[in-house]
Amino acid sequence: MHQDTSDAINAVGLVHSYDGKKNAVDGMTFNVRRGEVFGVLGRNGAGKSTLIKVLTTLIRPTAGKLTILGMDPSHKSEEIRARIGVVQQDESFDFTSVEGNFDIYGVLWGIPKAVRIERRERLLKEFDLLEIRKKRSFDLSGGQKRRAQVAREFMHDMDILFLDEPTVGLDVIMRRNLLDLIKEQVKGGLTVVFTTHNLEEADYLCDRIAVVESGKVIALDTVENLKRLYGGKRTVEFAVEGSSGIELVRAVEQSLNGESTLKVLDDGTALVLTEDPKKALRVVVEASQKLGVQLEWLNVRKNTLEDVFLSSIGEQRSGN
Amino acid sequence: MVLPRVSRLVYRNFKVNTDPASLVILVGLPAMYLVFFGFGFGDLLFIAPGLMAFQSVMAGTVGGGMLWADRRYGMLAQLLVGPFSRLDYLLGIMLTTVIFGLAGAVVMYAVAFALLHGVYISPLGWGSVVVTITVGSLFFGALMLILSALVKSNNTYNSIQILVLFFINFASTVFYPDTPRLPVILQVLFRVNPLSYIANLVRAGFDGTLAPVDVFYLIGLLAGTVILVVLATRTYMRSDISYT
């Protein structure tokens with residue numbers, strides 16, 4: 001690997017628009033340090049995959065300044081691509097066996113035969129693919145495909161590895177299993193850019209995280225600092241029986257008058273991120289009594305990365 | 001030894017496209033045509049060079065199919081975030097297409113040689129066959145690349161390909177000679193069909209009946225190929241990389 005003290009990636013005011021009207025990447029500024037696992041966390045459609053396409057030189061930025069490994073991708077895209085690895089969100093296989101895919105990929109990257117065989121065997125073993133090595137890649141299960149796709153990328157040397165939602169579609173156990181395998185592979189100090197919408201994954205794998213929403217970086221720090229940043233806050237969470245939850249949420253929101261961030265999850269649980277949990281509790285209880293709504297449960301807890309994420313998005317929206 | 005980039009792509013294209021099922025379709029099907037049409041109509045000497053020429057169409061479908069499959073199954077984007085440029089990829093496909101066309105023509109010749117108990121082509125004839133099949137493969141490769149780069153739906157791609165191939169194959173001099181006895185509409189189709197010229201040129205090389213006028217046909221074919229290759233390159237370079 002090349003020794004260089006500069007950032008692995010440096011982006012200033014990065015913009016990409018597919019149609020010239022709406023920016024999928026909208027003025028992102030961030031840096032990725034060498035040797036760190038950098039998470040890009042955001043919901044579906046937040047601009048993560050477009051960002052990865054720009055960073056991997058697949059599409060050109062519409063505006064902004066970008067350097068990757070000290071090089072400008074608009075002039076040195078081939079040199080950059082020769083030093084990065086990319087695991088795309090979509091599957092990408094040739095119509096051949098798992099080991100055939102590894103071999104062909106090694107040849108494509110110009111890996112000498114002896115090294116190719118050694119790496120193929122090691123990766124098949126480490127990623128638990130030995131039993132399915134002869135299986136055609138398109139006959140694999142979703143989990144096997146993802147494992148094979150990630151493993152295949154380690155057939156070649158690289159300075160930065162881009163992982164675009166590598167665990168999408170996997171169950172919890174497979175996800176953790178794959179994250180462990182990735183963690184093991186990057187122990188040597190490889191720079192990794194990892195996109196996900198899964199907060200636990202980001203927490204588990206990343207040194208620093210950029211929270212992305214509507215094409216913008218809305219928070220960027222280490223996991224610990226992000227938690228600390230919102231550390232003064234607590235989360236008051238509650239749920240109600242029946243369909244009267246919306247009224248209660250509206251009433252609580254009105255009473256808190258913008259002092260706290262309020263979110264309703266898909267399962268109906270309402271979260272209030274607040275610096276004054278006592279007040280929030282009182283507001284929730286009073287509002288429920290006033291409306292005659294039966295609270296199913298009510299709880300106060302320390303915030304998690306998920307709360308940070310929700311809070312960041314909440315602030316971004318209120319800022320807009 | 002590390003192969004040059006385009007050679008690595010060609011190696012990959014062959015590895016992926018030479019599984020037994022693909023080979024049966026690519027080579028076995030025309031060989032069956034040769035046997036059935038040759039014996040059925042009793043004119044192997046006419047059909048054999050026609051099917052050698054037909055290999056340029058088969059090679060073209062392989063080329064177009066490669067781009068289509070690579071877009072559909074994510075390998076195009078995967079290769080282009082790797083150590084290859086778009087132009088490398090295009091050259092890899094073009095080179096693979098030409099090799100497929102030439103190899104297919106040699107296989108057809110071998111089958112004809114066996115069926116006819118020996119049929120020889122002069123060195124000049126071989127030269128003409130090689131040049132014509134090379135240009136023809138590039139012509140149909142470029143045509144199919146345009147189709148692959150533009151069409152987004154699997155069904156549309158297959159339907160258009162079948163339609164185009166049907167007209168190109170059967171409204172040509174591959175299987176039947178262009179004679180005044182043909183209906184006028186067929187005569188017109190035969191004469192605007194580039195495959196007819198490819199078949200005629202290969203047949204002339206095969207039979208040893210090359211004439212000065214064939215040079216003009218070859219130049220015309222070459223000009224058409226250059227135009228199509230330029231169009232294919234522009235279309236492909238501007239196309240979306242990802243299928244989804």
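This report walks through two sheets of chain A, then the helices of chain B and the largest pocket.

The model is predicted, so to speak of a local feature takes pLDDT of at least 70 and a side-chain atom pair counts only at pLDDT 80 or more, while totals for chains, interfaces and linings use all residues. Residues are numbered from 1 along each chain as its sequence is written, chains are lettered from A and ligands numbered from 1 in the order in which they are written, and side-chain values use heavy atoms, with hydrogens and water left out.

**Two sheets in chain A**

Helices (H or I, at least four residues) and strands (E, at least two) are DSSP runs, numbered from the N terminus. Two strands pair if DSSP finds at least two bridges between them. The table sets out the two open sheets.

| Sheet (chain A) | Strand order | Pairing |
|---|---|---|
| Three strands | 2-1-4 | antiparallel |
| Six strands | 5-6-7-3-8-9 | mixed |

In the sheet of three strands, strand 2 (23-32) and strand 4 (63-68) of chain A stand at the edges with a single partner strand each, so one side of each has no neighbour in the sheet. Neighbouring strands there are turned by 20° against each other on average, direction ignored. Angles run from 0 to 180 degrees between N-to-C directions, and axes are lines fitted to C-alpha atoms, for helices over the stretch in contact. Strand 1 (residues 9-17) of chain A meets strand 4 of chain A in the antiparallel sense over five bridges; I9(A) has I68(A) of strand 4 as its bridge partner.

In the sheet of six strands, the edges belong to strand 5 (84-87) and strand 9 (216-222) of chain A; each has a single partner strand, so one side of each is left without a neighbour in the sheet. The average turn between neighbouring strands of this sheet is 15°, direction ignored. Six bridges join strand 8 (residues 208-213) of chain A to strand 9 of chain A in the antiparallel sense, and V211(A) is bridged to A219(A) in strand 9.

**The helices of chain B**

Chain B has ten helices and zero strands. Its C-alpha atoms fill a box of roughly 55 × 45 × 35 Å along the principal axes.

Two packed helices are described by the angle between their axes and the distance between the axes. The axes of helix 3 and helix 6 (residues 123-150) of chain B come within 7 Å and cross at roughly 30°. Their contact holds 14 nonpolar, ten polar and one charged residue. Here Ala, Val, Leu, Ile, Met, Phe, Trp, Tyr, Cys and Pro count as nonpolar, Asp, Glu, Lys and Arg as charged, and the others, Gly among them, as polar.

**The largest pocket**

A pocket is an open set of points on a 1 Å grid over the protein atoms alone, where a 1.4 Å probe fits, with protein on both sides within 12 Å along at least five of seven lines; lining residues have an atom within 4 Å of a point. The volume is the space filled by probe spheres set on the points, which are joined across faces, edges and corners. About 840 Å³ of space lies in the largest pocket. It is lined by 31 residues, and N17(B), S22(B), T61(B), V62(B) and G65(B) are the closest to its centre. Helix 3 of chain B gives the largest share of the lining, ten residues. By type, the lining divides into 17 nonpolar, eight polar and six charged residues.
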